[in-house]
Amino acid sequence: MIQLLFCSSIACSTNMAAASVKSLKIAFIPGTGKMGSLIALHLSKAGLDVFIGSRNSNKAAQQAELISSVSKRPVQGGSNPEAAAWGDVVFWSPSGPLEEREALLKSLAPNLENKIIVDVTNILYFFDNSQWGQTSSTLRNEKALGVPARWTTAFKSTYERLLKEPPNLNNPHHTFVVGDDEEAVATTIAVVDSIPGFKGVRAGGLQNSKLVELLGPRWIMELDTLNGGGQHLSGWRYGF
């Protein structure tokens, strides 16, 4: 008997992405900051190949060695252009003024074209309340890059301290993944889901990055102060 199995396009893409996630090369630009280094550590511990990028190659190599000593897996480190060229998926997590971030993106454009770029950054620190929700770091980054790429988001509203806590496998924290390319979204979710205690949630197209960032640092910090004693352990959980 021949049995035919069917699945929706979303379910199929998710299943295929989850099956192939261990074969991905994950680069971090940079991988030496708080968020980048913690996510890189988790992914290395999960068995993924990781490359730490930085403006300072020596600093990147030192961070890679530190992560490797904990994850017990090889981790590479080098310049940002090397990271951009190496990765199948690139986590974008720089700090500093928007203009500096965008200039760095432009300089890396030849090595980022058509790649999956997961934006961890936020824009709300740079504008007053009257401009909130008008754009997002992700939308500005997409424009600044100047070449086609498959942008998604993750961990925009996640305290870095949550990535240091023991995972709650029965009640994971959720992170909202937006993007216009379904394969890129499915891949990003598969990467997020490989970290114990975290789960990626589809949150619509890239324009919704404006909404995701409104759920991010400023508001979640206020919620944490009002309800969580300022412990910086608040996070989002989406029930369905």
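**Note on the predicted model: an open parallel sheet and its packing**

1. The core of this predicted model is an open sheet of 6 strands in the order E3-E2-E1-E4-E5-E6, with parallel pairing. Strands and helices here are DSSP runs (E, at least two residues, for strands; H or I, at least four, for helices), numbered from the N terminus, and two strands pair if DSSP finds at least two bridges between them. Strand E3 (76–79) and strand E6 (150–153) stand at the edges with a single partner strand each, so one side of each is left without a neighbour in the sheet. From one strand to the next, the twist averages 25 degrees.

2. On the basis of the model: it is predicted, so that local features need pLDDT of at least 70 and side-chain atom pairs count only at pLDDT 80 or more, while totals for chains, interfaces and linings use all residues. Residues are numbered from 1 along each chain as its sequence is written, and side-chain values use heavy atoms, with hydrogens and water left out. The mean pLDDT (the predictor's confidence in each residue, from 0 to 100) of the protein chain is 89, and 90% of the residues reach 70 or more. Over residues 1–7, however, the pLDDT is below 50, and beyond near neighbours in sequence this stretch has 1 contact (heavy atoms within 4.5 Å) in the model.

3. For the protein chain as a whole, the secondary structure comes to 9 helices and 8 strands. Of the 240 residues, 48% count as buried, where buried means under 20% relative accessible area, exposed over 50% and partly exposed in between, with a 1.4 Å probe and protein chains only. Among contacts between residues at least 6 apart in sequence, 75% join residues at least 24 apart.

4. Towards one edge of the sheet, strand E2 (residues 49–54) is joined to E3 by 4 bridges, and the two run parallel; the bridge partner of Gly-53 in E3 is Gly-78. Helix H3 (residues 57–71) packs on the sheet, touching E2 and E3, and the direction of H3 makes about 150 degrees with that of E2. Helix H7 (residues 182–193) also packs on the sheet, touching strand E1 (25–29), strand E4 (89–92), strand E5 (116–119) and E6, with a direction at about 40 degrees to that of E6. For these angles, axes are lines fitted to C-alpha atoms, for helices over the stretch in contact, and the values run from 0 to 180 degrees between N-to-C directions.

5. The structure holds 3 aromatic pairs, counted when rings of Phe, Tyr and Trp (its six-membered ring) have centres within 6.5 Å, with planes under 30 degrees apart called stacked, over 60 edge-to-face and the rest tilted. Phe-28 and Phe-91 form a stacked pair, 4.9 Å centre to centre with 15 degrees between the planes, and this pair links strand E1 to strand E4 across 63 residues of chain. Phe-28 is buried at a relative accessible area of 0%, and Phe-91 is buried at 2%. Phe-51 and Trp-86 form a tilted pair, 5.4 Å centre to centre with 40 degrees between the planes; Phe-51 lies in strand E2 and Trp-86 in helix H4 (residues 80–86), 35 residues apart, and both are buried.

6. Helix H5 (residues 98–112) bends by about 35 degrees at Lys-106, and Pro-110 follows within four residues; the bend is the angle between axes fitted to the seven residues ending there and the seven starting there. The buried residues of H5, among them Arg-101, Glu-102 and Leu-105, pack against E1, H4, E4, E5, H6 and E6. Just after H5, Asn-114 takes a positive phi of about 70 degrees.

7. Strand E5 is joined to E4 by 4 bridges, running parallel, and Val-90 stands opposite Ile-117 of E5. Both faces of E5 are covered, since Ile-116 and Val-118 on one side and Ile-117 and Asp-119 on the other are all buried.

8. Two buried polar residues merit a look together. Asp-119, in strand E5, has a relative accessible area of 0%, and its C-alpha atom is separated by 4.7 Å from that of Thr-153, 34 residues apart along the chain. Asn-141, in helix H6 (residues 137–145), is buried at 2%. Leaving aside neighbours within four places in sequence, the contacts of Asn-141 include Glu-102, Asp-119 and Trp-151, while those of Asp-119 include Trp-92, Asn-141 and Lys-156.
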